[in-house]
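This report introduces a single protein chain to a reader who has not seen it before. It proceeds from the strands to the contacts between side chains.

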Amino acid sequence: QVQLKESGGGLVQAGGSLRLSCVVSGSILRANGMGWYRKAPGKERDLVAVITRGGYTDYVDAVKGRFTISRDDTANMVYLQMNSLKPEDTGVYYCHAEIIDADGGEHDTWGRGTQVTVSS
């Protein structure tokens with residue numbers, strides 16, 4: 001069974017930094033697109049950043065210049081470095097990956113989320 005597990009969330013003061021990590025476990029052939037999403041209190045879950053297998057990245061405008069997404073395919077990991085955090089960055093951060101399993105099956109896979117709280 002393919003699973004994603006996030007870590008690295010926590011409570012930080014405005015202006016601080018956090019690094020989120022997400023590991024893919026299970027029998028996989030590869031991960032294609034990977035990304036981070038955020039569900040802020042009272043809002044829908046929205047895209048924060050994505051990275052393709054080729055390393056192309058894209059970010060929502062609100063985090064450009066502050067957040068960096070990266071991946072390590074040898075370790076089946078994706079990361080989100082978050083700098084200059086603002087209270088509006090608060091929310092549950094979810095890892096997402098388009099997984100190809102060992103049998104060639106395609107899985108649109110989500111982690112359970114990690115809480116990030118930025119105090120003012």
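## Strand pairing and side-chain contacts

Within strand β3, Cys22 is the bridge partner of Glu6. The model described here is predicted. Strand β3 covers residues 18–25 and runs antiparallel to β1, to which it is joined by five bridges. Both strands belong to an open sheet of four strands, paired in antiparallel fashion in the order β1-β3-β8-β7. At the edges of this sheet lie β1 (3–7) and β7 (67–72), each of which pairs on one side only. From one strand to the next, the twist averages 15°.

Cys22 has a further role in the connections of the chain, since it forms a disulfide with Cys95, the two sulfur atoms being 2.1 Å apart. Because Cys22 lies in strand β3 and Cys95 in strand β9, this pair ties together parts that are 73 residues apart in sequence. The link is left-handed, with -85° about the S-S bond. A search of the whole structure finds one disulfide. Cys22 counts as buried, at 0% relative accessibility, and Cys95 is buried as well, with a relative accessible area of 0%. In general terms, a disulfide is a covalent bond between the sulfur atoms of two cysteines.

The next contacts involve charge. Side chains of opposite charge can pair when their charged atoms come close. The count of salt bridges comes to five; the table gives three of the five.

| Salt bridge | Distance, N to O |
|---|---|
| Arg38 and Asp89 | 3.5 Å |
| Arg66 and Asp89 | 2.7 Å |
| Lys64 and Asp61 | 3.1 Å |

Arg38, Arg66 and Asp89 are linked in a network of salt bridges. Where do Arg38 and Asp89 lie in the chain? Arg38 is in strand β4 (residues 28–39) and Asp89 is in the loop between β8 (77–82) and β9 (91–101), so their salt bridge ties together parts that are 51 residues apart in sequence. Arg66, for its part, lies in the loop between β6 (57–59) and β7, so its pairing with Asp89 ties together parts that are 23 residues apart in sequence.

Are Arg38 and Asp89 buried or exposed? Both Arg38 and Asp89 are buried. For Asp89 the relative accessibility is 1%, while Arg66 is buried with a relative accessible area of 10%. Because buried means under 20% relative accessible area, the value of 10% places Arg66 in that class. In the pair of Lys64 and Asp61, Lys64 counts as partly exposed at 46% relative accessibility, and Asp61 counts as exposed at 61%.

Aromatic rings provide further contacts. A pair of aromatic rings is described by the distance of the centres and the angle of the planes. One aromatic pair is found in a search of the whole structure. Tyr37 and Trp110 form this pair, which is edge-to-face, with 4.8 Å centre to centre and 65° between the planes. Tyr37 belongs to strand β4 and Trp110 to strand β10 (residues 106–110), so that the pair links distant parts of the chain, 73 residues apart. Trp110 counts as partly exposed, at 30% relative accessibility.

Charged side chains also sit over rings. Arg19 lies over the face of Tyr79, at 4.1 Å from the ring centre. The charged end of Arg45 is placed over the ring of Tyr94, 4.7 Å from its centre.

Definitions and conventions
Residues numbered from 1 in each chain as written. Predicted model: local features only at pLDDT ≥ 70, side-chain atom pairs only at ≥ 80, totals over all residues. Heavy atoms only, no water. Pairing = 2+ DSSP bridges. Helix = DSSP H or I, 4+ residues; strand = E, 2+ residues; numbered from the N terminus. Axes fitted to C-alpha atoms, helices over the stretch in contact; angles between N-to-C directions. Salt bridge = Lys/Arg side-chain N within 4 Å of Asp/Glu carboxyl O. Buried < 20%, exposed > 50% of the residue type's maximum accessible area, 1.4 Å probe, protein only. Phe/Tyr/Trp six-rings, centres within 6.5 Å; stacked < 30°, edge-to-face > 60°. Lys NZ or Arg CZ within 6 Å of the ring centre and 35° of its normal. Disulfide = S-S within 2.5 Å.
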